[in-house]
Amino acid sequence: MVELILSEKPSAAKRIASALADNKPSENKIGKVKYYELMHKGKKIFVVCAVGHLYSLTEKEKKGWTYPTFDIIWKPAYEVNKDAYFTKEYIEGIEKIAKSCDKFTIATDYDQEGEVIGMNALRYACKQKSGRRMKFSTLTKEELVQSYENASNTLDKLQAEAGETRHFLDFFYGINLSRALTLAVKSAGSFKILSTGRVQGPTLSLLSKREEEISKFKPEPFWEIELQGKSNKEIVTAWHKKGKIKEKKEADNILKKTIGKKAIVSSVIAKTYNQSPPCPFDLTTLQIEAYRTLKISPKLTLSLAQQLYTSGRISYPRTSSQKLPISLGYKKILQKLTKQPQFKNLAEELLAKNELTPNEGEKTDPAHPAIYPTGLSFKGIGKTKDLYELIVRRFLSTFSDPAKRETVTVDIDVNKEIFIASGTRTIEKGWHKFYGRFAHYKEEELPKMEEGSEIKDKKIKIHEKETQPPKRFTPASIIKELEKKNLGTKATRAQIIDSLYQRHYVQDISLKVTDLGLKTNNTLKKYCPEIIDEKLTRHFEIDLEKIRENKKDGEKVLEESKKILKKLLKHFKENEVNIGNSLIKANRETQDQNNYLGECPVCKKGKLNIKKGKFGFFVSCDRYEEGCSTTFSIPAGAFAKGTGKLCKDCEYPMIQLIKKNNRP
């Protein structure tokens, strides 16, 4: 009997082969595709890999750019997308090896995406209806062997059904709505590929609402009153207890009342409290924390975490769990971490405790535990090393003691007007020591003051301020908001934000919605509000989870989605020209904004703009007909946009170049 084990990625295939081999596995190739041959307890096994999705959804029969379309099938990815041509060799390799096998085991990532990848490879490349299923959360030898020995006899059918239904839903929405938008622009006499989707639309709507709140915001003045003085020769700063005072007259009266009066400490209250350790990382909290502490984008965080997982350093990152079950073997992991000098002392301190109990969060995941380090040493560099340290320190912190903090609040009486000074300091570090540089907490220790003492050299002044508009979302805070509203999945939210950038619906690190993004959202809101309705998207997310729980049928969910789409697309068609005109105008305005660089530094009269010529993009002055021949070339292979800034040295306009998969 010969067995084929299918992994999701080449690195996983290598680790699985090494873990199961009685001796060293042999590495072979079919074309450029590596596979492994090994003996496990006298049985011959081939380990081959996919490279993510080998099969893509497409229309059964292409009838041009029409909508609605629902007749779709799975086809080899290389037949659907020319950029996926490299998958052809992998499919052919699996097909060839499968012919000599009579037993099949899927070892893709244990989630909905992994289940769909495995299911498609089985039924199309291996010509099998089902196969055994390995389930693991780390790629360590111990867990892989255990996963193989305890593999289930069939795929997780409910997970596969939920995953496939999600793909169908997203395809239905993506292709039909994007075609409707693009054809609307075409019907109005122009052409531009526009896109929206089941989750992308509601996400753009969320960001647009915030943008509208900011644009409509009217600042209101307020006043704050500050007291400064000295206690035991140390500076004391306190603020009037009313905080923001809306009337200038009231602030002036308080100032007038306190002139020349003594500042006496009327009360000193010290309170100590325990600050609990953080809970383990799920993917969303990891992305938020990596952005907060390391300024790593959510998309890059997921990519780096995936690399750490496939190299065996951490557990599966696409999890929504904040639980660390005791079956993981806390002590074994900590003992391995003692071999890494950076964590040696901290791990040994935890091992000396009588009991190891993690401070778990509320979130759970039926497939995987929270993210944790396996204990394997890691000597990476750059952001990958930083992220690994964050994950290890978070894991260590969850087992450590609470930090003890003290807050001192002092009331200072100036002729019956009360000013408050407060400060907080750490008395016992507790988990702060384990979290290291990632524990950002202010230490504000007040000078020593006693009741009845006087604050010397008192000065009181009024500060005039204005209320501030709501802050724009960051890539991390919008992911948190999407999770809160149950829009998208832990694995797709970062990609949705990236799509909004790619379509020029948003720009900048703070997610500023462009005119194109706002007009697209407002057009959809006016003519087809269902497209951006977060309630509808959330409804389908709940249905997909019910499929996973065997409480709903995938076919019924898809039939409901078709009815809804047909109805809204009919309405869309009726307003196609109006929608198209609105989108064309928005696109041109956005292009003009992105292309404008500033005043021509040569003739001082014209404007520099980015233009497209025979040999690509370039910059030129708009007064070329009047004789200004100023031009500049732009490096190829990158999207260029103006920054509104001038170079400090030459005072020429600066542009920003954005290359795919690179920082601007």
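Buried means under 20% relative accessible area, exposed over 50%, and partly exposed in between, with a 1.4 Å probe and protein chains only. Keep that scale at hand for the exercises below.

The model is predicted, so local features need pLDDT of at least 70 and side-chain atom pairs count only at pLDDT 80 or more, while totals for chains, interfaces and linings use all residues. Residues are numbered from 1 along each chain as its sequence is written, and side-chain values use heavy atoms, with hydrogens and water left out.

**Exercise 1. Get an overview of the chain.**

Task: Find how many helices and strands the protein chain has, and what share of its residues is buried.

Solution:
- Step 1. The secondary structure comes to 20 helices and 22 strands; helices (H or I, at least four residues) and strands (E, at least two) are DSSP runs, numbered from the N terminus.
- Step 2. Of the 664 residues, 49% are buried.
- Step 3. Along the principal axes, the C-alpha atoms fill a box of roughly 95 × 80 × 55 Å.
- Step 4. The chain exposes about 34,200 Å², with carbon and sulfur atoms supplying 49% of that area; accessible areas come from the Shrake-Rupley method with a 1.4 Å probe, and for residues only the protein chains shown count as cover.

**Exercise 2. Classify three residues.**

Task: Decide whether Asn-550, Asn-415 and Ser-7 are buried, partly exposed or exposed.

Solution:
- Step 1. Asn-550 is in the loop between helix H18 (534-548) and helix H19 (554-574). Its relative accessibility is 57%, so Asn-550 counts as exposed.
- Step 2. Asn-415 sits in the loop between E12 and E13. With 32% relative accessibility, Asn-415 counts as partly exposed.
- Step 3. Ser-7 belongs to strand E1 (residues 2-7). Its 0% relative accessibility makes Ser-7 buried.
- Step 4. Leaving aside residues up to four places away in sequence, Ser-7 touches Ala-12, Ala-13, Ile-16, Val-48, Cys-49, Ala-50, Ala-107 and Thr-108; contact means heavy atoms within 4.5 Å.

**Exercise 3. Look for backbone exceptions.**

Task: Find which residues other than glycine in this exercise have a positive phi, and which two residues a cis peptide bond joins.

Solution:
- Step 1. Start from the background: most residues other than glycine have a negative phi, and most peptide bonds are trans.
- Step 2. Asn-550 has a positive phi near 65°, and Asn-415 has one of about 55°.
- Step 3. The cis peptide bond joins Tyr-67 and Pro-68, with omega about 0°. Pro-68 lies in the loop between strand E5 (55-59) and strand E6 (72-76).

**Exercise 4. Follow strand E12 to its partners.**

Task: Work out how many bridges join E12 to E11 and to E13.

Solution:
- Step 1. Strand E11 (residues 263-275) and strand E12 (residues 403-414) run antiparallel and are joined by 11 bridges; two strands pair if DSSP finds at least two bridges between them. Thr-272 stands opposite Glu-406 in E12.
- Step 2. E12 is also joined by 11 bridges to strand E13 (residues 417-428), again antiparallel. Asp-411 has Ile-420 in E13 as its bridge partner.
- Step 3. The hairpin of E12 and E13 has 2 residues between the strands, and Asn-415 takes its positive phi there.

**Exercise 5. Compare the two crossings of helix H6.**

Task: Find the angles at which H6 packs against H20 and H4.

Solution:
- Step 1. Helix H6 (residues 157-187) packs on helix H20 (residues 576-595) at about 85°, with the axes 7 Å apart. Axes are lines fitted to C-alpha atoms, for helices over the stretch in contact, and angles run from 0 to 180 degrees between N-to-C directions.
- Step 2. H6 and H20 are therefore roughly perpendicular; angles under 35 degrees count as roughly parallel, over 145 as roughly antiparallel, 65 to 115 as roughly perpendicular and the rest as oblique.
- Step 3. Residues in this contact include Leu-181 and Leu-183 of H6 and Val-577 and Ile-579 of H20.
- Step 4. The axes of helix H4 (residues 112-125) and H6 come within 8 Å and cross at roughly 95°, which makes H4 roughly perpendicular to H6.
- Step 5. Among the residues in this second contact are Glu-113 and Arg-123 of H4 and Glu-164 and Arg-166 of H6.
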